[in-house]
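Here are my notes on the model you sent round, point by point. Have it open next to you while you read.

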Amino acid sequence: MEAARESMAALVDAGLYDCAQTLGCFLVSSAPVSNEAGMSMKVESLVLHGDALHGEREFRRALSAYKQAMQYSKSIPRQATSSTRSSATPTGRSPSPNSSSLAALNENEVKFKIALCHSALREHREGLQEMEGIPSKVRTLKMNLMLGKLYRISRNNRAAAVCYKECLRQCPYVFEAITALAEMGLSSKEFSLIFSQAPNRGGKAPGDSLDAQRWWNRYVEAQCCIASHDYKGGLDIYVDLMQRFPNNVHILLEIAKVEAIIGRNDEATMNFEKARLIDPNIMTYMDEYAILLKSKSDYTKLNKLVHDMLHIDPARPETCLALAALWERKDERKALTYAEKSLRVDDRHITGYIMKGNLHLLLNRPDLAVTDFRGAQELRADLRSYQGLVRAYLALSKCKDALFTAREAMKVMHQSAKALKLVGDVHAISSSGREKARKFYESAIRLEPGFLGAALALADLHVAEGRNKDAVLLLERYLRQWADDSLHIKLAQVFAATNMLSDALSHYQSALRINPHNEAAKKGLERLEKQMKGVDPDAPEEDEENEADDVDGDQDDPELL
């Protein structure tokens, strides 16, 4: 069967896993032999069969094949295995299927493959046990990276950091290790020390190495800034790197992601669009882009984006979340099923937890939203998970928990106007806390004068305390510098509340000129027109049946997908 085994190895190497696993069924079921050479062939056939099954994503069957190989290997006499162990290859196969002396099984490589299967099945504890059985001196780059991930999942950050540092010593361009270490608090100076310990591959000239270290150091600094919530510092470095690497899709996406987190929605949208122009098939962070389009009510672009993502890869968690964003307007429960599906695909996808938490808030299930936002924070705390937790606690009337969470955000992000505004939002809930809320909103505006969220919240506070004129003056002052649809909507609402209907009408129309898709402006205008006709805007529609037909007729985009 040596020729068949050689063919199976070629099929696996060529990625023809379906053919390989079928051939493997013949090899592993051949009549058992008791001699050492036959048993070694059986072991190698099982490993190859496991490789084919792993390639077919049949992880449970692959796991069984690898474990059988390990079991058979133990039954081979020790003398036979030790004499040939040095000739084993990194793949766990013999160096030549036609060799008369078969190589011993590379147990460490098979343990790694077993760990990969456990990890794919989300059996992280079992995977970690297998990886810990591999001596540290023989761990390859991919083994160290895998072990770092498993330690991090098990929340053993100290051991994870050791593995990730070893990855960077072996190769400084393992970006996953850079991100993980930055999130665990490693400083840029410590990163530089690791870089200096990395081997100089290919005997490159010192000048070339220095140039690589310069941009690598800048990239690391950006990661450290963002991990410590210094979003502005990180963005500044990324923009600087874009000068060195124009049209770099990775950096462009990182910039857009950070801008989305801190609420610079227009800039984030523009950068996501730039990235898609450079690479129309990019999937990374496209769920973030979908959420931005949904927030801008640009359902034409959102529908096109979802259509493209379904064509590129319907199984990605980003695609599930883009579908959730599309369905949120029509059917919040269906949107929730897509958000849950994204987490079944990847239970460490932070945006999935954020989306799920926001949907639970919309469905009036703040208790479940708390669990979702905590899940996001366990993976990596950012501004949105703090905001979601505060909203959920306030919906549950847990004001102390909300205040504690907001203060924690302010402590972690001490230079963030958004965190200051979050504390103000909690104080603004009660009439006794409005003065404190005003101070926090004003501090946020002083820290970031262009932060419209704080200006809108302060305007709401003025209205709540009967200072409508102050609210109008504040919003008009902002409008002179920023032509934003949200400012026009807020002004329209203040004017409508004081029965200045013509002024309200003008601002709703201005909002729609800036953003024709703005749902809040459309609904506000509809209510205002009823008020101007002397009709109660909250009265139920007479012809509900016709309205239902209109809603059904508006389902075309999702049904088309």
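1. A word on terms before the fold: helices here are DSSP runs of H or I with at least four residues, strands are E runs of at least two, and both are numbered from the N terminus. On that basis, the chain comes out with 32 helices and zero strands. Do keep in mind that this is a predicted model.

2. Now the overall picture. The chain has 561 residues, and 47% of them are buried. Among contacts with a separation of 6 or more, 51% are between residues 24 or more positions apart. The exposed area of the chain is about 28100 Å², with carbon and sulfur atoms supplying 50% of that.

3. How many salt bridges does the structure hold? The count is 30. One of them pairs the side chains of arginine 155 and glutamate 378, at 2.8 Å from N to O. Arginine 155 sits in the loop between helix H8 (141–153) and helix H9 (157–170), while glutamate 378 belongs to helix H21 (residues 366–379), so this bridge ties together parts 223 residues apart in sequence. Both arginine 155 and glutamate 378 are exposed.

4. Next, lysine 301 and glutamate 273, whose side chains meet in a salt bridge at 3.0 Å, N to O. This pair also links distant parts of the chain: lysine 301 is in helix H17 (residues 299–312) and glutamate 273 in helix H15 (residues 265–278), 28 residues apart. Lysine 301 counts as partly exposed because its relative accessibility is 39%, and glutamate 273 is partly exposed too, at 25%.

5. For a bridge inside one helix, look at aspartate 425 and lysine 421, where the closest N and O atoms are 3.1 Å apart. Both are in helix H24 (residues 417–427), and they are separated by about one helical turn because they are four residues apart. Why does aspartate 425 count as buried? Its relative accessibility is 18%, and the cut-off for buried is under 20%. Lysine 421, at 21%, counts as partly exposed.

6. Salt bridges also join up into a network: Arg152, Glu183 and Arg380 are linked this way. I'd show these three residues together in a figure panel.

7. On to the aromatics. A search of the whole structure turns up nine aromatic pairs. In one of these, phenylalanine 191 and tryptophan 216 have ring centres 6.3 Å apart and planes at 70°, so the pair is edge-to-face; planes over 60 degrees apart count as such. The two rings bring together distant parts of the chain, with phenylalanine 191 in helix H11 (residues 188–197) and tryptophan 216 in helix H12 (residues 206–227), 25 residues apart. Phenylalanine 191 is buried, at 0% relative accessibility, and tryptophan 216 is likewise buried at 0%.

8. Which residues form one aromatic cluster with Phe191 and Trp216? The other members are Tyr173, Phe195, Trp215 and Phe245.

9. Last, charges over rings. Arginine 329 has its charged end over the ring of tyrosine 299, 3.8 Å from the ring centre. Lysine 418 lies over the face of phenylalanine 451, and there the distance to the ring centre is 4.5 Å.

How values were computed: Residues numbered from 1 in each chain as written. Predicted model: local features only at pLDDT ≥ 70, side-chain atom pairs only at ≥ 80, totals over all residues. Heavy atoms only, no water. Salt bridge = Lys/Arg side-chain N within 4 Å of Asp/Glu carboxyl O. Buried < 20%, exposed > 50% of the residue type's maximum accessible area, 1.4 Å probe, protein only. Phe/Tyr/Trp six-rings, centres within 6.5 Å; stacked < 30°, edge-to-face > 60°. Lys NZ or Arg CZ within 6 Å of the ring centre and 35° of its normal. Contact = heavy atoms within 4.5 Å. Areas by Shrake-Rupley, 256 points an atom, 1.4 Å probe, with all protein chains shown as cover.
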